[in-house]
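Below are some remarks on the model you sent, set out as numbered points. They deal with the overall make-up, two helix pairs and a pocket.

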Amino acid sequence: ALALHLGLAFIILGVLAWYVFLLERSKADLMTARRGREAKLFSLSTGLMHFAFLQVLLGALVAGIDAGRAFPTWPLMNGEFFPADAFYVPDGNGGTLPVWHAFFENPGLVQFIHRMSGYLLFAFGVLVWLRGRKSSYQATRAAFNAVMAMLLAQMVLGIVTALTAAHVHVAITHQIGAVILWVLILRARHLSQYPIAGSIREGTA
């Protein structure tokens with residue numbers, strides 16, 4: 001339920017942010033900018049947006065079952081790469097629930113998936129950033145630099161959150177970081193679709 005509510009909130013935020021970006025510029029400006037669209041970069045940033053959204057949902061699962069407190073170590077999880085009893089979920093009557101329940105209810109497995117997804121998101125983010133650095137537009141390059149900086153900060157916050165057993169202030173900061181990263185990815189994606197032409201003379205190209 002928490003993941004669904006949070007996912008819906010991020011979708012609403014994303015739609016609002018996208019329209020704010022559109023309203024910042026005139027219709028004529030957007031029509032002109034569309035001709036300079038960087039299709040490959042737009043496609044990559046769209047993939048990054050979807051990946052980040054998935055990571056947000058996984059983070060909601062971690063928070064929903066308080067899995068962040070279970071393994072306050074990094075890079076290993078209490079000395080192991082893969083947590084022990086990852087597929088064990090008691091049914092409350094001395095038995096165990098089917099394996100698929102573990103993907104939503106076992107703290108070790110849920111946190112492991114969130115960690116691995118975070119590593120993959122960071123790696124993919126680096127690839128997108130490297131492509132964004134080659135953009136012909138200064139504003140677009142700056143937007144992807146901001147995404148990379150926040151992605152790095154968010155990964156560090158995630159590690160600190162794990163090491164502090166999800167201390168409330170650190171965990172909240174990590175959640176706020178997800179919101180900021182989400183908006184920055186949308187901004188970079190928007191500029192891939194509607195780049196802002198700069199001037200060589202003014203040093204903004």
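1. A word on handedness is needed before the helix pairs are described: a crossing is called left-handed if the near helix is turned anticlockwise from the far one by less than a right angle, and right-handed if it is turned clockwise. Please keep in mind throughout that this is a predicted model.

2. On the overall make-up, the protein chain contains seven helices and zero strands, and the order of its elements from the N terminus on is accordingly written α-α-α-α-α-α-α. The C-alpha trace of the protein chain, taken along its principal axes, spans about 70 × 30 × 30 Å.

3. In the first pair to be considered, α1 (residues 2–23) passes α3 (residues 39–64) in a right-handed crossing, and the two helices pack at an angle of about 150°, their axes lying 8 Å apart. On the α1 side the contact is made by L2, A3, L6, G7, F10, I11 and W18, while α3 contributes F42, F53, V56, L57, A60, L61, A63 and G64. Sorted by class, the residues of this contact between α1 and α3 comprise 13 nonpolar, two polar and no charged.

4. How do α1 and α7 lie relative to each other? The axes of α1 and α7 (residues 168–193) come within 10 Å and cross at roughly 40°, and the two helices are therefore oblique to each other. The crossing of α1 and α7 is right-handed. Here α1 makes the contact through F10, L13, G14, A17, W18, F21 and L22, and α7 does so through A178, V179, W182, V183, L186, R187, R189 and H190. The contact of α1 with α7 has eleven nonpolar, two polar and two charged residues. It may help, when inspecting the model, to note that F10 and W18 of α1 appear in the contact with α3 and also in the contact with α7.

5. Turning to empty space, the largest pocket has a volume of about 910 Å³ and is lined by 38 residues, among which G59, H114, Q154, G158 and H174 lie nearest its centre. The elements that give two or more residues to this lining are α1, α3, α5 (107–132), α6 (138–163) and α7.

6. Which element supplies the largest share of the lining of the largest pocket? That share, eight residues, comes from α7, the helix that also crosses α1 at roughly 40°. By class, the lining of the largest pocket divides into 24 nonpolar, eleven polar and three charged residues.

Methods
Residues numbered from 1 in each chain as written. Predicted model: local features only at pLDDT ≥ 70, side-chain atom pairs only at ≥ 80, totals over all residues. Heavy atoms only, no water. Axes fitted to C-alpha atoms, helices over the stretch in contact; angles between N-to-C directions. Helix = DSSP H or I, 4+ residues; strand = E, 2+ residues; numbered from the N terminus. Contact = heavy atoms within 4.5 Å. Nonpolar A, V, L, I, M, F, W, Y, C, P; charged D, E, K, R; others polar. Parallel < 35°, antiparallel > 145°, perpendicular 65-115°, else oblique. 1 Å grid on protein atoms, 1.4 Å probe; cavity = no way out; pocket = protein on both sides within 12 Å on 5 of 7 lines; lining within 4 Å. Points joined across faces, edges and corners; volume = space filled by probe spheres on them.
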